[in-house]
Amino acid sequence: MPADQSDLVSALAAVAKGDRLAFRLIYQRTAPKLMAATRRILGSSSAAEDAVQEAYVRIWRHAVDFDARIASPIAWMTTIARHAAIDVVRSGPERVSAASGEIDADILEGLASPADAGADPLASARLSGCLNGIEADRRTMVMLAYCNGWSREELAKRFDRPVATIKTLLRRSLIALKDCLSGSGR
Amino acid sequence: MAADADDIDALAGEYVLGTIDEAERRAAEARLQSDPSFRAAVAAWEIRLQPLSDTARSQPPSRDLFAEIMARLAQDIGRGDGSEVVALRRRVTRWRYVAAITTAAAAVLLVVSLNRTPAPEKYVATLTPQGGAPGFILTVDTVKHTLTVSRVAEAAPAGKSYELWAIEPGAQPKSLGVVEQARYQRPLDLPTNNLTLAISLEPEGGSPTSAPTGPVVFSGNLIKP
């Protein structure tokens, strides 16, 4: 975990006890990042703002669940925000026809050379290497799901495969990624 | 063994990706509360995949989302002690699973929490430059008579100090001292009604007089949120 996250850890502990100031500090530190992640899923800034609003309500309510021994504050909050954005997407129409279904080349490039000051360049490089190690379609599935919030059903349409197959492929890709990242490479 | 671990990891990974459907997600969220190995698997996936989120360009919200968030949370916060008991109950639930503590011990914890003294009255001021982002956040506890100062802005430039001033209506600014740390607490014995607080930029060590000599860089009013 990057060193500058230790203040987020203590702030989350304070929020769990109802500390509004700590909550404000967390908001100021992390809102632009949560905006970025949700905007990519929702495609517009105003929709992202609604999802981010919902995300901080959940962060306040679930701060007590944050476990600093195993979790990273920014990664924990990003998941909450992405899930809030995905909830919005799932309640709307399917998007396969409207979206290209291609992964923005910028994402893989950005992963290889992260510009974000808060990013961990080593972790980015390893994830980039391991993503490049899995077959192109499977990599695209994982990235459309993570970055753009695609569901199994949407991926099934895009790749013209049954939903159950998509589930299997996603899970195999994830296990391959995990093995690659942990260096066990079986 | 390995297959089980892979199953947990695959589900945890799909949970983080967001590809599981609503019913599966609800089941996964329940499992997060009860199964420490699943919780660890989810946290590990969040960390593994975070670099992908770091590639998205940061963008500050354009509207005052924080005010909207606090308005939505007003009910939670208004409950005061109640929400803390809920939080504690959740923690107790987790302890039951994680450390298998006894129900009797949990009951003692709840009793202790219910006997807590009521929450003190709190006042808050956000000090901003004119129309800009907050630079300092101050909270006053009227029971303990303390003022907590949190600096959000950059530290004062080299050779300069931030000095905090309290201004009662119609009175001269009263120095509350030089800001030495990013966050600290000090006693406060001033009425909290209509109190204005301001930060001026002074020579290192603070104003040489009893009044601000440098520009006021942040200011705001104390309010009861």
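Helices here are DSSP runs of H or I with at least four residues, strands are runs of E with at least two, and both are numbered from the N terminus. With that in hand, chain A reads α-α-α-α-α-α-α-α-α along its sequence, which comes to nine helices and zero strands.

A word on the ground rules: this is a predicted model, where local features need pLDDT of at least 70, side-chain atom pairs count only at pLDDT 80 or more, and totals for chains, interfaces and linings use all residues. Residues are numbered from 1 along each chain as its sequence is written, while chains are lettered from A and ligands numbered from 1 in the order in which they are written.

**The two chains**

Chain B has six helices and eight strands. Its elements run α-α-α-α-α-α-β-β-β-β-β-β-β-β from the N terminus on. For burial, a residue is called buried if 20 or more other C-beta atoms lie within 10 Å of its own, exposed if 12 or fewer, and partly exposed in between, with C-beta atoms placed from the backbone. For contacts, the C-beta atoms of the two residues, again placed from the backbone, have to lie within 7 Å. Here is how the chains come out on both counts; the last column takes contacts with a sequence separation of 6 or more and gives the part that joins residues 24 or more positions apart.

| Chain | Length | Buried | Contacts 24 or more apart |
|---|---|---|---|
| Chain A | 186 residues | 47% | 63% |
| Chain B | 225 residues | 28% | 56% |

**Helix packing in chain A**

Start with H2(A), residues 20–42, and H3(A), residues 45–62: their axes come within 8 Å and cross at roughly 135°. Axes are lines fitted to C-alpha atoms, for helices over the stretch in contact, and angles run from 0 to 180 degrees between N-to-C directions. That crossing angle makes H2(A) oblique to H3(A). The scheme is that angles under 35 degrees are roughly parallel, over 145 roughly antiparallel, 65 to 115 roughly perpendicular, and the rest oblique. H2(A) also passes H3(A) in a right-handed crossing, where the near helix is turned clockwise from the far one by less than a right angle (anticlockwise would be left-handed).

On the H2(A) side, the residues in contact include A:Ala31, A:Leu34, A:Met35 and A:Thr38, and among their partners in H3(A) are A:Ala48, A:Val52 and A:Trp60. By class, the H2(A)–H3(A) contact has 13 nonpolar, two polar and one charged residues. Nonpolar covers Ala, Val, Leu, Ile, Met, Phe, Trp, Tyr, Cys and Pro; charged covers Asp, Glu, Lys and Arg; the others, Gly among them, are polar.

H3(A) also packs on H4(A), with axes that come within 8 Å and cross at roughly 130°. The two are therefore oblique to each other, and their crossing is right-handed. H3(A) brings residues including A:Ala51, A:Val52 and A:Arg58, and H4(A) brings A:Ala81 and A:Ala84 among others. This contact divides into 11 nonpolar, no polar and three charged residues.

Further along, H6(A), residues 121–132, and H9(A), residues 163–182, pack at about 135° with their axes 9 Å apart. Here A:Arg126, A:Leu127 and A:Cys130 of H6(A) meet A:Leu177, A:Cys180 and A:Leu181 of H9(A). That gives five nonpolar, no polar and one charged residues.

**The core and some buried residues**

A nonpolar core is a set of buried Ala, Val, Leu, Ile, Met, Phe, Trp, Tyr and Cys residues joined through C-beta atoms within 7 Å. The largest one holds 99 residues, and A:Val52 and A:Ala81 touch the most other members. H2(A) gives the most to this core, with 13 residues. Beyond its neighbours within four places in sequence, A:Val52 is in contact with A:Ala31, A:Leu34, A:Met35, A:Thr38 and A:Ala81, plus B:Pro61 and B:Leu65 from the other chain.

A:Ile74 sits in H4(A), residues 73–90, and counts as buried because it has 25 C-beta neighbours inside 10 Å. Its C-alpha is 8.9 Å from that of A:Leu34, 40 residues away in sequence. A:Ser72, in the loop between H3 and H4 of chain A, is buried too, with 21 other C-beta atoms within 10 Å.

**Where the chains meet**

Across the interface, 47 residues of chain B are in contact with 60 residues of chain A. H3(B) provides the largest share of the chain B side, 12 residues. By class, that side has 20 nonpolar, 12 polar and 15 charged residues.
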